Amino acid sequence: MKPIELTKADFIQKVGNFEADPKDWKYIGDKPCIVDFQAPWCGYCKRLDPILEEFAQTYEGQLYIYKVNVDNEEELETAFNIRTIPTLLLCKMDGTKELMLGTLPKHELKKVIDNLISVQ
C-alpha cells in the first residue's frame with residue numbers, strides 16, 4: 001500500500017467534514033490516520049515520502065496514510081492553517097487530532113505512529 005492522495009472532496013469523505021464544523025470536526029475513518037500536507041517541490045517532503053511509503057506498507061491494515069498537495073488543494077491548506085511543509089495531521093480513533101511538523105527522524109516518526117495506533 002502507498003500513501004493515498006486526497007482532494008478536498010476525498011478529505012471530507014474519508015477524514016472528516018471540516019467545513020461543517022471547522023473548530024470541532026470529527027474524524028470519520030475506521031483506523032487512525034496521518035495526513036501529510038506536502039508539495040512536490042519541497043525538499044523535506046521528498047525526504048519524507050519514502051519513509052511514509054515504507055510505513056504505509058509496514059502498518060497496512062492498522063493505519064491510513066494520506067497526502068495532500070497544498071499547491072492543488074489551497075482550501076485545505078488554508079483551513080488547516082498550514083504554514084510549513086511537510087505538516088502532518090494525526091487523527092486518533094479517540095477523536096483527538098493534532099498537527100505536527102513532519103521533519104522528524106524516521107525512528108521518532110515510528111514512535112509517533114506506534115502511539116497513534118495504540119490509542120484505540
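Colleague: Which residues of H4 are buried in this predicted model, and what puts them on the same side of the helix?

Modeller: In H4, the buried residues are Leu109, Val112, Ile113, Leu116 and Ile117. They lie on the same side of H4 because they cover an arc of only 125° around its axis.

Colleague: What do these buried residues pack against, and which exposed residues does the face turned away from them carry?

Modeller: The buried residues of H4 pack against strand S2 (33-38), helix H2 (43-58), strand S4 (87-91) and strand S5 (97-101), whereas the face turned away from the buried side carries the exposed residues Lys111 and Ser118.

Colleague: How does the reach of H4 compare with the span expected at 1.5 Å a residue?

Modeller: Helix H4, residues 106-118, has 13 residues and reaches 18 Å from its first C-alpha to its last, which is close to the 18 Å expected.

Colleague: Why is Glu73, in the loop between strand S3 (64-69) and helix H3 (74-79), called buried?

Modeller: Glu73 has a relative accessible area of 15%, and buried means under 20%, so Glu73 is called buried.

Colleague: How do you know that Glu73 has no salt bridge?

Modeller: The nearest side chain of opposite charge, that of Lys8, is 7.6 Å away from Glu73, while a salt bridge requires a side-chain nitrogen of Lys or Arg within 4 Å of a carboxyl oxygen, and therefore none is counted for Glu73.

Colleague: What does the side chain of Glu73 reach at Lys8?

Modeller: The side chain of Glu73 reaches the backbone nitrogen of Lys8 at 3.0 Å. Leaving aside neighbours within four places in sequence, Glu73 is in contact with Leu6, Thr7, Lys8 and Val68.

Notes
Residues numbered from 1 in each chain as written. Predicted model: local features only at pLDDT ≥ 70, side-chain atom pairs only at ≥ 80, totals over all residues. Heavy atoms only, no water. Helix = DSSP H or I, 4+ residues; strand = E, 2+ residues; numbered from the N terminus. Expected span 1.5 Å × (residues − 1). Buried < 20%, exposed > 50% of the residue type's maximum accessible area, 1.4 Å probe, protein only. Arc of directions from axis to C-beta. Contact = heavy atoms within 4.5 Å. Lys, Arg positive; Asp, Glu negative; His and termini not counted. Polar contact = N/O pair within 3.5 Å; in protein donor to acceptor, adjacent residues only side chain to side chain.
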